[in-house]
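Trainee: I would like to go through this model with you, one question at a time. Please show me the sequence and the structure before we start.

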Amino acid sequence: MTAHTVEYIRYRVPEQQSAEFLAAHRRAATRLAAAPQCVDYELARAEDDFEHYVLRVTWTSTQDHVEGFRSSDLFPAYAAEVRPYAEQVEESRHYKPTAVRGTGAATPTLYAWAGGAEAFSRLTDVFYAKVVEDDLLAPLFADLPAEHARHVALWLAEVFGGPAAYSETQGGHSHMVARHAGLGITEPQRRRWVELVQDAADEAGLPTDAEFRSAFLAYVEWGTRLAVHFSAPGATPPAPQPVPKWSWGAAPPYPG
């Protein structure tokens with residue numbers, strides 16, 4: 001997983017020019033929106049001093065910005081809109097994110113919304129009871145160690161925003177991937193896994209709201225497809241990576 005580059009441009013624009021400044025950046029933003037090198041962007045205005053603005057643009061990389069976007073057909077029109085404000089720029093830099101990051105409690109994690117550790121323990125208990133009785137999946141799990149369900153519960157809990165217990169006791173993403181090496185998981189087996197884990201989520205009492213289940217299923221689809229890939233003969237294991245962190249995605253929890 002490659003970290004993107006975040007560009008910050010800080011402006012001080014006289015208040016009498018603010019309307020035309022905002023209009024110019026709205027027009028310029030259409031070029032950012034069309035640029036494959038641009039991940040997202042946002043122009044913010046200071047609450048206590050209306051002359052100060054910060055434009056944040058996330059680029060796929062500094063090189064993609066400097067050598068890609070700036071040499072593209074989109075750049076001349078973009079530059080024409082923002083160039084009149086070049087003298088108002090107080091800072092323009094590229095920044096790389098650090099490991100110091102996270103989310104606050106304003107939006108609950110998927111882990112908390114699901115019901116915490118107990119919910120994921122119920123889920124894996126129900127799921128693996130189904131697996132060993134399933135004709136298609138039972139051969140894959142014939143020699144499961146007794147602690148397997150507990151480890152998977154820790155994994156899912158961490159993925160969905162819970163404690164880092166899996167990382168601390170088992171390892172990161174590469175460790176989980178290694179558990180699938182050589183299994184030769186088939187697409188029909190993957191689909192059955194997805195079907196049974198959804199049934200188990202129902203029986204274990206996990207939330208049924210559309211927002212949670214769409215995020216839950218998105219991870220299940222992503223994870224099982226990687227399992228198929230890395231279980232194939234001759235698959236190259238990934239470089240060491242942390243446990244992935246799944247979030248709500250496009251639809252946060254419905255307030256209603």
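Trainee: In which helix is Arg26 found, and does Arg26 count as buried or exposed?

Mentor: This is a predicted model, and in it Arg26 is part of helix α1, residues 18-34. A residue is called exposed when its relative accessible area is over 50%. Arg26 has a relative accessibility of 57%, so Arg26 counts as exposed.

Trainee: How far apart are the C-alpha atoms of Arg26 and Leu43?

Mentor: Along the chain, Arg26 and Leu43 are 17 residues apart. Leu43 falls within strand β2, which covers residues 38-45. In space, the separation of the two C-alpha atoms is 9.3 Å.

Trainee: Which strand is joined to β2, and by how many bridges?

Mentor: The partner strand runs antiparallel to β2 and covers residues 52-59. The two strands form a hairpin, with 6 residues between them. One facing pair is Asp40 and Thr58, the latter in β3. The strand joined to β2 is β3, and the number of bridges is 7.

Trainee: Which residue of β3 stands opposite Ile9?

Mentor: Strand β1 covers residues 5-12, and 8 bridges join it to β3. The two strands run antiparallel. Opposite Ile9, in β3, stands Leu55.

Trainee: What is the bridge partner of Tyr8 in β4?

Mentor: β1 also pairs with strand β4, residues 89-95. That pairing is antiparallel and has 6 bridges. Within it, the partner of Tyr8 is Arg93.

Trainee: Where does Leu144 lie, and is Leu144 buried, partly exposed or exposed?

Mentor: Leu144 is in the loop between α5 and α6. Its C-alpha atom is 9.7 Å from that of Tyr128, a residue 16 positions away along the chain. Buried means under 20% and exposed means over 50%. Leu144 has a relative accessible area of 29%, so the class is partly exposed.

Trainee: What volume does the largest cavity have, and which element gives the most to its lining?

Mentor: A probe the size of a water molecule, rolled over the atoms, shows where empty space is left. The count is 1 cavity of 30 Å³ or more, and the largest cavity has a volume of about 40 Å³. Two or more lining residues come from each of α5 (117-131), α6 (148-159) and α9 (187-203). The element that gives the most, with 4 residues, is α5.

Trainee: Which residues line the largest cavity, and how many of them are charged?

Mentor: The lining consists of Leu123, Thr124, Phe127, Tyr128, Val152, Leu156, Trp193 and Val197. By class, 7 of these residues are nonpolar and 1 is polar. The number of charged residues is none.

Trainee: Why does the length of α9 agree with what is expected of its 17 residues?

Mentor: The reckoning uses 1.5 Å a residue, taken over one less than the number of residues. For the 17 residues of α9 this gives an expected span of 24 Å. The lengths agree because the C-alpha atoms at the two ends of α9 are separated by 25 Å.

Trainee: Against which elements do the buried residues of α9 pack?

Mentor: Among the buried residues of α9 are Gln189, Arg190, Trp193 and Val197. Asp202 is also in α9, but at 45% relative accessibility Asp202 counts as partly exposed. The buried residues pack against α5 and α10 (210-231).

Trainee: Which elements cover the buried residues of α10?

Mentor: The end C-alpha atoms of α10 are 31 Å apart, which agrees with the 32 Å expected for 22 residues. Its buried residues include Phe212, Phe216, Tyr219 and Ala227. Their cover includes α4 (110-114), α5, α6, α8 and α9.

Trainee: What volume does the second largest pocket have, and which element gives the most to its lining?

Mentor: The second largest pocket has a volume of about 660 Å³. Its lining has 31 residues, with Phe141, Met176, His180, Trp193 and Ala227 nearest the centre. By class, the lining divides into 22 nonpolar, 6 polar and 3 charged residues. The element that gives the most, with 8 residues, is α10.

Note on methods: Residues numbered from 1 in each chain as written. Predicted model: local features only at pLDDT ≥ 70, side-chain atom pairs only at ≥ 80, totals over all residues. Heavy atoms only, no water. 1 Å grid on protein atoms, 1.4 Å probe; cavity = no way out; pocket = protein on both sides within 12 Å on 5 of 7 lines; lining within 4 Å. Points joined across faces, edges and corners; volume = space filled by probe spheres on them. Nonpolar A, V, L, I, M, F, W, Y, C, P; charged D, E, K, R; others polar. Pairing = 2+ DSSP bridges. Buried < 20%, exposed > 50% of the residue type's maximum accessible area, 1.4 Å probe, protein only. Contact = heavy atoms within 4.5 Å.
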